[in-house]
Amino acid sequence: MTRSSWDTVWADVARAVSRRSSCERAQVGAVIVKDSRVVSTGYNGPASSYPANTALGCRGWCARAAGTVPDATSDYGYGCPSIHAEANALLAVGREATSGSTMYCTHAPCADCAKLISASGVARLIILTSIELHRPDPTHYLESCGIEIKLLAL
């Protein structure tokens with residue numbers, strides 16, 4: 001029997017959490033771990049207070065997904081009410097809980113989420129997909145903030 005590494009276990013948890021997302025474009029999951037225990041999880045989607053019928057898929061509540069709002073100004077544009085997985089995971093806990101922790105993300109964070117991660121006390125970021133999916137590449141910024149980055153392609 002081969003025992004899975006902790007990185008593999010938490011990567012699997014991040015992937016499982018991503019399946020809660022109602023986004024049709026990208027299901028993203030994040031898990032924050034400290035001392036081999038889950039601190040918080042998050043996935044991308046609208047705020048619980050947002051009037052979205054997620055059973056319809058994101059085209060039913062996201063103007064960008066429906067193609068009614070231009071998306072040329074940034075990677076994410078305006079018109080999508082979703083909160084990113086990383087932000088949702090960080091919103092659920094305080095800095096004391098995340099200080100020295102590891103965050104596992106199914107996708108590389110956008111520039112805004114990279115800023116949130118850098119201010120949160122997260123010490124390591126494990127990314128489960130190609131970094132090239134995001135522009136700008138967040139790794140240099142995060143590394144300059146003292147955060148260890150690891151690409152874990154399983």
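In this predicted model, M103 stands opposite L125 of strand β6. The pairing behind this match joins β5, residues 102–105, to β6, residues 124–127, in the parallel sense and over four bridges.

Both strands belong to an open sheet of five strands, ordered β2-β1-β5-β6-β7 and mixed in its pairing. The edges are taken by β2 (37–43) and β7 (148–151); each has a single partner strand, so one side of each is left without a neighbour in the sheet. From one strand to the next, the twist averages 15°. Helix α1, spanning residues 6–18, lies across β1 (29–34), β2, β5, β6 and β7, and runs at about 140° to β1.

Turning to the loops, a good place to pause is T106, found between β5 and α5 (111–120). With a relative accessible area of 6%, T106 falls under the 20% limit and is therefore buried. Leaving aside residues up to four places away in sequence, T106 touches A14, R15, S18, Q27, V28, G29, L128 and T129. The side chain of T106 also makes a polar contact with the side chain of H107, at 2.8 Å, and a polar atom of the T106 side chain lies 3.0 Å from the backbone nitrogen of G29.

R135 offers a contrasting case. This residue sits in the loop between β6 and α6 (139–144). Its relative accessible area of 62% is over 50%, so R135 is exposed. In sequence, R135 and V28 are 107 residues apart, while in space their C-alpha atoms are 17 Å apart.

Methods: Residues are numbered from 1 along each chain as its sequence is written. This is a predicted model: local features need pLDDT of at least 70, side-chain atom pairs count only at pLDDT 80 or more; totals for chains, interfaces and linings use all residues. Side-chain values use heavy atoms; hydrogens and water are left out. Two strands pair if DSSP finds at least two bridges between them. Helices (H or I, at least four residues) and strands (E, at least two) are DSSP runs, numbered from the N terminus. Axes are lines fitted to C-alpha atoms, for helices over the stretch in contact, and angles run from 0 to 180 degrees between N-to-C directions. Contact means heavy atoms within 4.5 Å. Buried means under 20% relative accessible area, exposed over 50%, partly exposed in between (1.4 Å probe, protein chains only). A polar contact is a pair of N or O atoms within 3.5 Å; within protein, one must be able to donate a hydrogen and the other to accept it, and residues adjacent in sequence count only if both atoms are side-chain atoms.
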